[in-house]
Amino acid sequence: MPRPALQVIRDEHAAVSAVLRSMLQMLERDPDEQPERFFDVLRAMLFYIDEFPERLHHPKESDLLFPKVARVAPELLPVIQRLEDDHMQGENRVRELQHLLLAWELLGDGRRATFEEAARRYVEFYLTHMRTEETQLLPVAQQKLSESDWAQLNTAFQAHHDPLASGERDPAYDRLFTRIVMRAPAPIGVGPA
Ligand SMILES: [Fe+2]
Ligand SMILES: [Fe+2]
């Protein structure tokens, strides 16, 4: 049975927050033990966020969900505006992090602190964003949107697959999936803690 849009959104949030929390766990480690593997996993995580949440999840919220909620609950406009600003910033922020990670990997430990600080700020930014959607937006959407709104949202959110959120195995993402899940620590992965 295809999952309804609301469930897809929540599952995708859960997948991203697991990746973000794993990323923080990674930062507690010492990359010198297995530097290649260490940077490989972090790179795969940032690539995942750029490829799925940024390009699939956010646009569907911005293009479909937000306008519908704004129509039935205009009092939420300031919140929607803030969330929209986050979406606008998101892609640049994750690209910037990918650059800072490469700088650390290729230029050495002198660049570590800059990456770490930016990564922590990014995780905070992203978790706050999803929390706001889940606590302030989704409950209102659930209450006020019509059946035909939901039919449209279901079709849109069912049309893409986030390989970490859908629970379905798509061979196209095997390499990415393996890197993140087999090598990263919990909560997303099964790699060594
Ligand atoms: Fe969002
Ligand atoms: Fe979201």
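This is a short walk through a predicted model, with stops at a metal site, a cavity and a group of aromatic rings.

**Stop 1: the iron site**

Start by selecting the iron ion (ligand 1) together with E61, H87, H129 and E133. These residues coordinate the ion, the glutamates through OE and the histidines through NE2, at 2.0 to 2.2 Å. If you click through the angles among the four donor atoms, you'll get values from 84 to 171 degrees, and the site is classed as irregular. Reading along the chain, the donors of this iron ion follow the spacing E-x25-H-x41-H-x3-E.

Now bring in the iron ion (ligand 2). It sits 3.2 Å from the iron ion (ligand 1), with E61 coordinating both. Colour by helix next: E61 belongs to α3 (residues 53–72) and E133 to α5 (residues 112–144), so this pair ties together parts that are 72 residues apart in sequence. Switch on a surface and ask: are E61 and E133 buried or exposed? Both are buried.

**Stop 2: the cavity**

How many cavities of 30 Å³ or more are there? The count is one, and its volume is about 30 Å³. To find the spot, select E12, H13, V16, P53, H57, H58, Y126, M130 and D162, which line the largest cavity. Helices α1 (5–27), α3 and α5 are the elements giving two or more residues to that lining. Colour the lining by residue type and you'll see four nonpolar, three polar and two charged residues.

**Stop 3: the aromatic rings**

Seven aromatic pairs are counted in this model. For a look at one of them, select F38 and F39: their ring centres are 5.2 Å apart with 90 degrees between the planes, an edge-to-face arrangement. Hide the surface if it's still on, since F38 and F39 are both buried.

Next, add W104 and F115. Here the ring centres are 5.7 Å apart and the planes meet at 35 degrees, so this pair counts as tilted. W104 is in helix α4 (residues 77–107) while F115 is in α5, so the pair ties together parts that are 11 residues apart in sequence. W104 is buried, at 2% relative accessible area, and F115 is buried too, at 0%.

Finish by showing F38, F39, W104 and F115 at once: ring pairs link these four into a cluster. For a last view, keep that cluster on screen and bring back the iron ion (ligand 1) with E133; F115 lies in α5, and so does E133.

Conventions:
Residues numbered from 1 in each chain as written. Chains lettered and ligands numbered in written order. Predicted model: local features only at pLDDT ≥ 70, side-chain atom pairs only at ≥ 80, totals over all residues. Heavy atoms only, no water. Donors = N, O, S within 2.8 Å, 3.2 Å for Na, K, Ca; no water. Tetrahedral: all angles 85-135°; square planar, octahedral: opposite > 155°, others 65-115°. Helix = DSSP H or I, 4+ residues; strand = E, 2+ residues; numbered from the N terminus. Buried < 20%, exposed > 50% of the residue type's maximum accessible area, 1.4 Å probe, protein only. 1 Å grid on protein atoms, 1.4 Å probe; cavity = no way out; pocket = protein on both sides within 12 Å on 5 of 7 lines; lining within 4 Å. Points joined across faces, edges and corners; volume = space filled by probe spheres on them. Nonpolar A, V, L, I, M, F, W, Y, C, P; charged D, E, K, R; others polar. Phe/Tyr/Trp six-rings, centres within 6.5 Å; stacked < 30°, edge-to-face > 60°.
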